[in-house]
Amino acid sequence: MKMVPDRTGRFKKRPYWEICELEQQCEETIIGFLRERYGFERIPVPTEALTVLIERDAAELDLAMNLSDERYEVFGYTKFERGKKPLVTIARELWEQQHRNNRLRTTLTREYGHVLLAHLALRQVRHLKRSAALLLAQYASDQRGGGLVRVAGGLRLGLPADAGELHAARGGGVFS
Amino acid sequence: MKTFGQFIVDRRKELGLSGREVVAGIRNADGKPISIPYLVDLEHDRRKPSDEVLVQMAKVLQVDSDILYFLAGRMPPDLNAKGLKPDELAAAFKAFRREVKRERKP
């Protein structure tokens with residue numbers, strides 16, 4: 001990770017990761033967690049492991065009805081607030097409809113990606129004011145986290161494509 | 001004092017249990033495990049559990065069911081307070097308050 005000048009005016013510098021760095025960081029996180037919880041690497045990653053991982057690093061994992069609107073399908077979002085761990089919300093229908101289990105898993109991993117990358121960014125930059133830290137967390141969390149679900153190339157579970165997903169409040173504290 | 005939801009979620013995490021592990025050990029009246037959304041609702045105090053669910057929840061979380069009844073704002077059914085006369089009920093609450101007060105003294 002390196003800090004590069006930010007041209008949007010949100011902060012002087014912003015974090016920049018190479019894709020391989022992100023992949024590595026995500027992979028280390030999930031592998032470390034699986035070994036700690038199960039004693040070995042479980043592939044595919046159990047859905048329950050994803051929920052426990054979120055509960056470990058986020059303030060809360062909640063479910064909510066009707067996240068989607070007429071234009072976009074939204075199955076999860078992560079909300080950042082000053083001085084607090086992020087709040088992750090997942091669409092209730094994904095839990096209730098068995099045939100959408102894969103979508104549930106990809107949504108959980110995507111939202112955990114937001115949590116993890118925000119955490120990584122803040123760990124690098126400790127001197128920021130709380131408001132700037134919040135912005136940075138929001139920014140960083142919007143990077144890619146594919147390594148969470150492609151452990152050692154052995155797991156075929158990609159993150160959902162960006163198309164059709166709602167980035168409702170870029171800079172507003174919520175990432176879907 | 002924690003709410004019912006806060007208590008069960010903290011206890012679950014204390015035991016290192018995932019939501020799935022908890023719901024696997026709790027069955028509804030129809031014999032099916034309760035669902036994850038139902039558990040999440042309980043953990044967020046959006047719903048109150050039935051007696052059957054509450055008792056099983058106490059077992060899974062390894063806590064006294066009386067504590068869960070108290071946090072859920074209900075009397076344990078075995079107390080059967082309905083049969084008590086008003087004076088007896090008042091005396092029982094008086095004894096309960098006395099005990100709580102005694103426990104709180106340093």
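Okay, let's start with a single residue: B:Asp45 sits in the loop between α3 (36-43) and α4 of chain B. What is phi for this residue, positive or negative? Phi of B:Asp45 is positive, near 60°, and the residue is something other than glycine. As for how open that spot is, B:Asp45 has 15 C-beta neighbours inside 10 Å, so we call it partly exposed. One thing to keep in mind while I talk: this is a predicted model.

Let's stay in chain B and move along to helix α4, which covers residues 51-60. Which of its residues are buried? They are B:Val53, B:Leu54, B:Gln56 and B:Met57. And what do they pack against? The buried residues of α4(B) pack against α1 (4-14) and α5 (65-71) of chain B.

After α4(B) comes B:Gln62, in the loop between α4 and α5 of chain B. This is another residue other than glycine with a positive phi, near 55° here. B:Gln62 has 10 C-beta neighbours inside 10 Å, so it counts as exposed.

Now let's zoom out to the whole of chain B. There are six helices and zero strands, so if you read the pattern along the sequence, you get α-α-α-α-α-α. The C-alpha trace of chain B spans about 45 × 35 × 20 Å along its principal axes. Of its 106 residues, 24% count as buried. Looking at contacts in chain B with a separation of 6 or more, 45% come from residues 24 or more positions apart.

Chain B is also divided into two domains: domain 1 takes in 4-74, and domain 2 takes in 77-106. How far apart are the C-alpha centres of these two domains? They lie 26 Å apart.

Have a look at helix α6 of chain B, residues 86-104. With 19 residues at 1.5 Å a residue, α6(B) should span 27 Å, and its end C-alpha atoms are indeed 27 Å apart, which agrees. How many of those 19 residues are buried? The number is zero, so α6(B) lies largely in the open.

Right, over to chain A. Here we get five helices and six strands, and the order along the sequence is β-β-α-α-β-β-β-α-α-α-β. Chain A has 176 residues, and buried ones make up 33% of them. Of the contacts in chain A between residues at least 6 apart in sequence, 63% join residues at least 24 apart.

Let's pick out helix α1 of chain A, residues 19-38. From its first C-alpha to its last, this 20-residue helix reaches 28 Å, close to the 28 Å expected at 1.5 Å a residue. Its buried residues are A:Leu22, A:Cys26, A:Thr29 and A:Ile30. Why do we say that they line one face? Well, if you look down the axis of α1(A), the buried residues fall within an arc of 85°, so they line one face of the helix. Here's the background for that: an α-helix has 3.6 residues a turn, so residues three or four places apart point the same way. On the other side of α1(A), the exposed residues are A:Cys20, A:Glu28, A:Gly32, A:Arg35 and A:Glu36.

What follows α1(A)? That would be A:Gly39, with a positive phi near 90°. Then, in the loop between α1 and α2 of chain A, we find A:Pro44. The peptide bond that joins A:Ile43 and A:Pro44 is cis, with omega about 0°.

Next, a strand. In β4 of chain A, residues 76-79, A:Gly76 and A:Thr78 point one way, A:Tyr77 and A:Lys79 point the other way, and all are buried. That's the pattern you'd look for, as side chains in a regular strand alternate between the two faces of the sheet. β4(A) pairs with strand β5 of chain A, residues 87-91, in the antiparallel sense over four bridges. Which residue of β5(A) is the bridge partner of A:Tyr77? It's A:Thr89.

Last stop: where the two chains meet. Nine residues of chain A are in contact with 10 residues of chain B. On the chain A side, α2 (47-57), β3 (60-64) and α3 (92-96) each supply at least two residues. Which of these gives the most? That's α2(A), with four residues. Sort the chain A side by class and you get three nonpolar, one polar and five charged residues.

That's my tour, so over to you for questions.

Technical notes. Residues numbered from 1 in each chain as written. Chains lettered and ligands numbered in written order. Predicted model: local features only at pLDDT ≥ 70, side-chain atom pairs only at ≥ 80, totals over all residues. Domains from an automatic or database assignment. Buried ≥ 20, exposed ≤ 12 C-beta atoms within 10 Å, placed from the backbone. Contact = placed C-beta atoms within 7 Å. Nonpolar A, V, L, I, M, F, W, Y, C, P; charged D, E, K, R; others polar. Pairing = 2+ DSSP bridges. Expected span 1.5 Å × (residues − 1). Arc of directions from axis to C-beta.
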